[in-house]
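Student: I've just opened this one up and I'd like a guided tour. Can we go through it with some questions?

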Amino acid sequence: MDQGETIVINERIQKLREVMVTEKLDAYIISGYDPHQSEYTAERWTTRRWITGFKGSAGLVVITADKAGLWTDSRYHLQGANELKGTEIELFKVGLPEVPGHLEWLADELKPGSVVGSNLWTTSIDNKKELDTALAGTGIKYQGCRDLLDDVWPDRPEFPGRPVFQLDMKYSGRSREDKISDIRVWMKKKRLEWSLVSSLPDIAWILNLRGRDISYNPLFLSYLLIGRGSCYLYINEGQLPSDLVKLLEDEGTIIRSYNDLESHAASLNPGRINLSPGTSSVGVEQLFNNDWVKVYEKDISIDMRAIKNRVEISAIKDVMIKDGVALVRFLIWLEENWPKGELDEVSLAEKLADLRSYQDNFIGLSFATIAGFNDHGAIIHYSATKESAYTLTSPGVLLLDSGGQYLEGTTDITRVLKFGDVSLEVIHDYTLVLKGHIDLALVSFPEGTRGFQLDILARKALWDEGRNYGHGTGHGVGFFLNVHEGPQTISQKAVDVSIKEGMITSNEPGIYLENKYGIRIENLILAVKSDIGITDNFLKFETLSLCPLELDLIDSNLLTVTQKEWVNNYHNQVYNTLSPLLKESERVWLENKTRRI
């Protein structure tokens, strides 16, 4: 961050403090979320980035009368340090020993009688509960309030309202009527009259609709209220074409304005209503007065959409082929052009996006491509700019993490590419990461196994040499939805969600050496039935992604016979699946890149 940007950030913080004084607040929390607790938000809610200059997708900001802090996880420790440099904002590296959480820090910083505020529309019910618990007995009070940034952000973007379209049943595999019917069965079991869905990916999935309100995520701003015999979609006027409005209403889903939720809630007969506490805001909760019986359970649709149906699985396998073809053509182009000395991290990412765009039913990228050359690769979610971009030179390694959104599904894949003669250390580290990747890909496990019980498989080769990585090993992936999806995860965190048949998860161990390089190998894997179970039903993973590994970075002496066999079998699958769609020269190239080791 240059000096001019630093001054602007500090001035913004000071202006916010002036508003805090007016509102009688001693601290203000900025979550970085929108009213639906989305990881990625429309421009209007890029509040964390606007107030700090930090561009990561996760982090929480606290402003007091004389201090400012940003809390973010290990994916963004290096990036945060770079982007906050020169500002008054202190970086708190979540996950490191002795680093206080923001609630602990607030309790230490503020005096009894102080008031902590946050926008009640971007604060989840769960987060408010955590605040109340942490501040209990301190004499410090939490107070939900309006969005104070409206007073200090003069050119703040407007509410989004881009057109919404229907996802055909040939891709989704299930009608919205069937999905709503299943949700109503769950509601009956829970004795619910109503269930309000705030989560944008859940609304999109339930209704087989997609939008463009948020970059990289095919979502649209809305709420969905499901009753025993009625259903209401609250969405900005004009986003739905008239024929789709008629179709939805004929099927029983009534369309109302996004801002009508408050007045409509007041007109309904109070009953038992579910508000998912992780995705419903305090503002939404307050729309339903004490005459309502509020139930706080996770939306059942989160579990439903995590398990892909046969049609979705078939479609995602097809899209992996298209994505694989684009990747192969990109790798050939890159190999031919990088020696000219004109390619940098930005231009190569643009070329990859261009090659994906030629594939049928390509909608856009699933996230901003991470192209980190040499030490930039150690910044886990590095985002290149024209000012920061490195030119590809020799020797070096490029960490390339990218993905696409297609009507048939969402992709996410990471490869590390070699340029010139790299050190034995790089080859050694790449092979360690590969060993962990393979061991997770090969595991069979009994039904009911949680992701944290599998995580060690991806880390053991690194742990054996005193190395580790700070991020999770795997995240769920949506079907033409968010590239990061729950509820399942493969990580060291003890998340009590089992890996079930039909779930798609990433497999992405890595290693990151500051000021040197980063290595991550990522494929998407599908949980399927295994036939080895004797005393229990077992599952295993089927690797979906199709792109060659960097053979010149593999030290085959470090691989077991089984691990070598996996590499050869995987490359055989890549070649046999993709080669029929390639030109002869491309097939020759791919044959060499998938040769046996």
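Student: Which residue forms a salt bridge with R305, with the closest N and O atoms 2.8 Å apart?

Tutor: Keep in mind that this is a predicted model. Between domain 2 and domain 3 the count is 1 salt bridge. R305 sits in α12 (300–306), an element on the side of domain 2 that touches domain 3. The partner at 2.8 Å is E485.

Student: And where do the domains run along the chain?

Tutor: Domain 1 covers 3–151 and domain 2 covers 165–305. That leaves domain 3, at 307–567.

Student: How much area do domain 2 and domain 3 bury between them?

Tutor: Their C-alpha centres lie 33 Å apart, and the contact takes 21 residues from domain 2 and 21 residues from domain 3. Of the buried area, 56% is on carbon and sulfur atoms. The area itself is about 1700 Å².

Student: Which residues of domain 2 lose the most area to domain 3?

Tutor: The side of domain 2 that touches domain 3 has 12 nonpolar, 3 polar and 6 charged residues. Three residues together make up 40% of what that side buries. They are Y171, Y216 and R305.

Student: R305 again! Which residue of helix α8 does R305 pair with in a salt bridge?

Tutor: R305 is buried, with a relative accessible area of 8%, and the α8 partner is buried as well, at 0%. One lies in helix α8 and the other in helix α12, so the pair ties together parts that are 103 residues apart in sequence. The closest N and O atoms are 2.9 Å apart, and the partner is D202.

Student: How many of the residues of α8 are buried?

Tutor: Buried here means under 20% relative accessible area. The buried residues of α8 include L200, D202 and W205. The helix is largely enclosed by the rest of the structure, because the buried count is 8 of the 8.

Student: What comes just after α8, with a positive phi?

Tutor: Look right past the end of that helix. The phi there is about 55°, and the residue is N208.

Student: Let's move to domain 3. Which residue's side chain meets K317 in a salt bridge?

Tutor: K317 is in helix α13 and its partner is in strand β28, so the pair ties together parts that are 225 residues apart in sequence. K317 counts as partly exposed at 32% relative accessibility, and the partner is partly exposed at 28%. The N to O distance is 3.1 Å, and the partner is E542.

Student: Is D496 buried or exposed?

Tutor: D496 forms a salt bridge with R450, with the closest N and O atoms 2.8 Å apart. The two sit in loops, 46 residues apart. R450 counts as partly exposed at 24%. D496 has 58% relative accessibility, and the cut-off for that class is over 50%, so D496 counts as exposed.

Student: Which residue's backbone oxygen does the side chain of T489 reach?

Tutor: T489 is found in strand β23 (residues 485–490). Its contacts include F452, V495 and I499. The side chain of T489 reaches that backbone oxygen at 3.1 Å, and the oxygen belongs to G474.

Student: Last one: which residues are linked with R44 in a network of salt bridges?

Tutor: A search of the whole structure finds 32 salt bridges. In the network you're asking about, R44 is linked with D147, D150 and R156.

Technical notes:
Residues are numbered from 1 along each chain as its sequence is written. This is a predicted model: local features need pLDDT of at least 70, side-chain atom pairs count only at pLDDT 80 or more; totals for chains, interfaces and linings use all residues. Side-chain values use heavy atoms; hydrogens and water are left out. Domain bounds come from an automatic or database domain assignment. Contact means heavy atoms within 4.5 Å. Buried area is the accessible area (1.4 Å probe) that two parts lose on being put together, summed over both. A salt bridge is a side-chain nitrogen of Lys or Arg within 4 Å of a carboxyl oxygen of Asp or Glu. Helices (H or I, at least four residues) and strands (E, at least two) are DSSP runs, numbered from the N terminus. Ala, Val, Leu, Ile, Met, Phe, Trp, Tyr, Cys and Pro count as nonpolar, Asp, Glu, Lys and Arg as charged, and the others, Gly among them, as polar. Buried means under 20% relative accessible area, exposed over 50%, partly exposed in between (1.4 Å probe, protein chains only). A polar contact is a pair of N or O atoms within 3.5 Å; within protein, one must be able to donate a hydrogen and the other to accept it, and residues adjacent in sequence count only if both atoms are side-chain atoms. Lists of a residue's contacts leave out its neighbours within four places in sequence.
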